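Here are my notes on the structure, written point by point. Have it open in your viewer as you read.

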Amino acid sequence: MTSVQLASNTQPLYSPISPNGQLPWWHHAIIYQIYPRSFQDTNGDGVGDLRGIQQRLPYLQALGIDAIWITPFYRSPMADFGYDVSDYCDIDPIFGTMADFDAMLATAHELGIRVVVDFVPNHSSDQHPWFIESRSSRDNPKRDWYIWRDGKDDGQPPNNWEAFFHGSAWTLDPTTDQYYLHLFLDEQPDLNWRNPELAQAMKQVLHFWLQKGVDGFRLDAITTMMKAPDFPDMPPDDPRFQGGLLLRLVDVHNYPDLHPILREFRQIVDSYPNQPILVGETGCADFNELMDFGGREALDEIHLPMNLKTPWFAWDAHVLKQAFTDYYTALSKGAVPSLVLGNHDQGRLASRYGVEHHRNANMLLLTLWGVPTMYYGDELGMLDGLILPEQRQDPFVGHDDYHGLGRDPGRTPMQWDATAYAGFSTVEPWLPVQTTFLSNVAEQEQDPSSTLNFCKRLIELRRSSPALHRGSIQFLETTEPSLLAYQREFEGIRNLIIINFADTSCTLDLSNMTDRVEFWLSSRMDVPTFDTVSSIFIRPYESLLLKLG
Ligand code: TEU
Ligand code: CA
């Protein structure tokens with residue numbers, strides 16, 4: 001067996017800026033994403049609700065996360081399962097009442113869990129009273145709250161923009177014989193943020209939730225909020241059409257006057273004493289562009305522009321090392337990285353990377369430098385569910401529909417126990433409980449070597465080791481290409497993480513890095529013994545967390 005050398009020839013990619021100071025809470029937080037329809041049903045209608053979230057908060061406290069981000073629970077006709085909002089300041093009855101929200105928030109805060117809510121500023125529902133007014137006549141006072149244009153002379157849509165969710169981004173409304181713009185579904189008309197009254201009304205929504213005490217917002221589809229005001233056609237032979245959605249929609253993505261609005265959002269949250277944060281759904285062309293959404297050097301826009309590029313990278317040691325090196329290198333000084341591997345749009349780690357890799361994906365997510373966002377169920381290694389055509393709910397048939405099944409497979413109910421419907425509900429849920437590799441919280445809590453206990457231990461170690469939650473990061477050179485190794489360091493305390501991407505084992509020689517190794521955690525959840533620092537044995541698909549020195 002070959003002995004693999006590990007060496008730190010490179011400089012750390014990041015060194016703590018204020019090594020001794022206390023960091024704002026979100027610099028070292030772990031965010032846990034809840035898709036409320038699928039977390040816990042308490043009233044037996046097969047759909048998760050706010051009381052369900054409240055009931056399961058102790059589970060999340062025991063898991064050790066700092067904040068939850070709940071995707072939309074606002075009043076909605078549910079054309080896009082809540083991302084089509086018809087009242088930004090009310091709770092949809094399917095999720096409960098405002099009293100349920102207040103109670104959930106209060107319990108979360110009692111348990112030391114912060115609550116980040118979704119904010120959907122790009123579009124409302126077509127059932128929002130604003131849109132009903134806007135579409136009623138060309139001279140309605142709210143006409144300009146949405147984006148209306150005449151068709152071309154031949155009756156065709158005003159330009160050739162396509163919606164993210166298929167077809168033209170324009171729909172003709174017969175009442176007034178004009179087209180309205182919708183970058184997503186027909187039922188999701190885009191709001192016109194260049195209308196000051198609309199902008200004011202939407203900013204009031206932020207105040208409404210902040211006054212309730214929420215700890216921040218995840219800004220949905222935020223990069224497309226401002227469109228080129230002349231609505232130019234995109235020439236079909238333009239190279240921008242190639243290479244993915246955002247590039248095709250170059251005239252609606254990261255348009256310059258988005259940034260003054262983001263700065264205003266930032267000032268709004270900064271005016272509340274509980275340090276609420278802005279997390280952005282910030283698709284980007286590259287990591288340099290991603291810095292725009294944080295406000296570049298000024299850091300006065302979104303606190304955490306989400307890095308949504310990494311979920312699309314192959315599970316490969318070299319690819320990921322390069323990707324995170326590029327990301328960390330591109331970061332504005334003082335910016336905090338966002339770590340995302342999956343969410344409600346992209347499906348589950350265990351399915352995308354493979355069951356044998358899912359613990360390592362959690363290892364990566366929770367030990368890299370930055371703020372991890374965990375997606376509910378990934379701490380169990382849940383798989384994408386099998387959705388039969390007649391069970392399909394998601395209206396999305398977009399260009400990046402990676403398995404041709406829409407986004408339902410990654411949205412199936414949380415698996416709590418082995419009872420019918422996995423303890424999620426007492427009736428057939430809105431999406432089926434996935435049946436392959438069925439595993440659940442109750443079972444995994446009993447099993448000392450489960451993925452859940454692995455994640456719990458990992459989070460515990462991360463919280464207690466400043467090297468892991470705020471230390472520098474340095475990717476290491478290895479002589480074995482299927483290993484990813486990096487070191488985190490804070491005030492002389494060093495943690496080493498090694499992830500084996502291959503089905504072969506090898507022996508690591510750390511002698512030129514340290515003369516002493518303390519074992520902290522293996523993805524196998526056993527305790528390997530190492531004779532010397534030059535004989536650290538790593539097994540197929542194993543990841544190790546060690547302390548050096
Ligand atoms: O997603 C915006 C977005 O860019 C999606 O089109 C994404 O590319 C797609 O879901 C495929 O991965 C946000 C929300 O996350 C999504 O759930 C909503 O459907 C969408 O906005 C519209 O509000
Ligand atoms: Ca319910």
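1. Start with Trp193, which sits in the loop between strand S9 (178-181) and helix H4 (196-212). Keep in mind throughout that this is a predicted model. Trp193 has a relative accessible area of 5%, so it counts as buried. Apart from neighbours within four places in sequence, its contacts are Pro121, Leu198, Ala199, Met202, Met225, Met226, Ile261 and Phe265. Take Pro121 from that list: 72 residues separate it from Trp193 in sequence, yet their C-alpha atoms are 8.7 Å apart in space.

2. Next, Asp215, in the loop between H4 and strand S10 (216-219). Is Asp215 buried or exposed? Its relative accessible area is 3%, and under 20% means buried, so Asp215 is buried. Leaving out residues within four places in sequence, Asp215 is in contact with Trp25, His109, Arg114, Val115 and Val116, and also with Asn274, Gln275, Pro276 and Ile277.

3. Now the metal. Which residues coordinate the calcium ion (ligand 2)? Asp41, Asp45 and Asp49 each do so through OD, Asn43 through OD1 and Val47 through O, at 2.3 Å. Written along the sequence, the donor residues follow the spacing D-x1-N-x1-D-x1-V-x1-D. Two of the donors are worth a look for accessibility: Asp41 is buried at a relative accessible area of 6%, whereas Asp45 is partly exposed at 32%.

4. Leu339 is a residue of strand S13 (residues 338-340). With a relative accessible area of 2%, Leu339 is buried. Not counting residues up to four places away in sequence, Leu339 touches Phe324, Tyr328, Leu365, Leu368, Trp369, Gly370, Val371, Pro372 and Thr373. As for Asp292, it is 47 residues from Leu339 in sequence and 17 Å from it in space, C-alpha to C-alpha.

5. On to empty space. Rolling a probe the size of a water molecule over the atoms shows where such space is left. How many cavities of 30 Å³ or more are there? The count is one, and the largest cavity holds about 30 Å³ of space. Its lining is made up of Leu341, Gly342, Leu349, Leu365, Thr373, Met374, Tyr375 and Asp378. Strand S14 (residues 371-375) gives the largest share of that lining, with three residues. By class, the lining has five nonpolar, two polar and one charged residues. Leu365 and Thr373 are among these lining residues and are also among the contacts of Leu339.

6. A quick check on helix H12 (residues 451-464): does the length add up, and what should its 14 residues span at 1.5 Å a residue? The expected value is 20 Å, and the end C-alpha atoms are 20 Å apart, so the two agree. The buried residues of H12 are Thr451, Leu452, Asn453, Phe454, Cys455, Leu458, Ile459, Leu461 and Arg462.

7. Last, two backbone angles to look at. Arg296 is not a glycine, but its phi is positive, at about 45°. Arg296 lies in the loop between helix H7 (287-292) and strand S12 (304-305), and its 27% relative accessibility makes it partly exposed. Met525, another residue other than glycine, has a positive phi near 60°. Met525 is in the loop between strand S20 (517-522) and strand S21 (536-538), and at 21% relative accessibility Met525 counts as partly exposed.

Methods:
Residues numbered from 1 in each chain as written. Chains lettered and ligands numbered in written order. Predicted model: local features only at pLDDT ≥ 70, side-chain atom pairs only at ≥ 80, totals over all residues. Heavy atoms only, no water. Helix = DSSP H or I, 4+ residues; strand = E, 2+ residues; numbered from the N terminus. Expected span 1.5 Å × (residues − 1). Buried < 20%, exposed > 50% of the residue type's maximum accessible area, 1.4 Å probe, protein only. Contact = heavy atoms within 4.5 Å. Donors = N, O, S within 2.8 Å, 3.2 Å for Na, K, Ca; no water. 1 Å grid on protein atoms, 1.4 Å probe; cavity = no way out; pocket = protein on both sides within 12 Å on 5 of 7 lines; lining within 4 Å. Points joined across faces, edges and corners; volume = space filled by probe spheres on them. Nonpolar A, V, L, I, M, F, W, Y, C, P; charged D, E, K, R; others polar.
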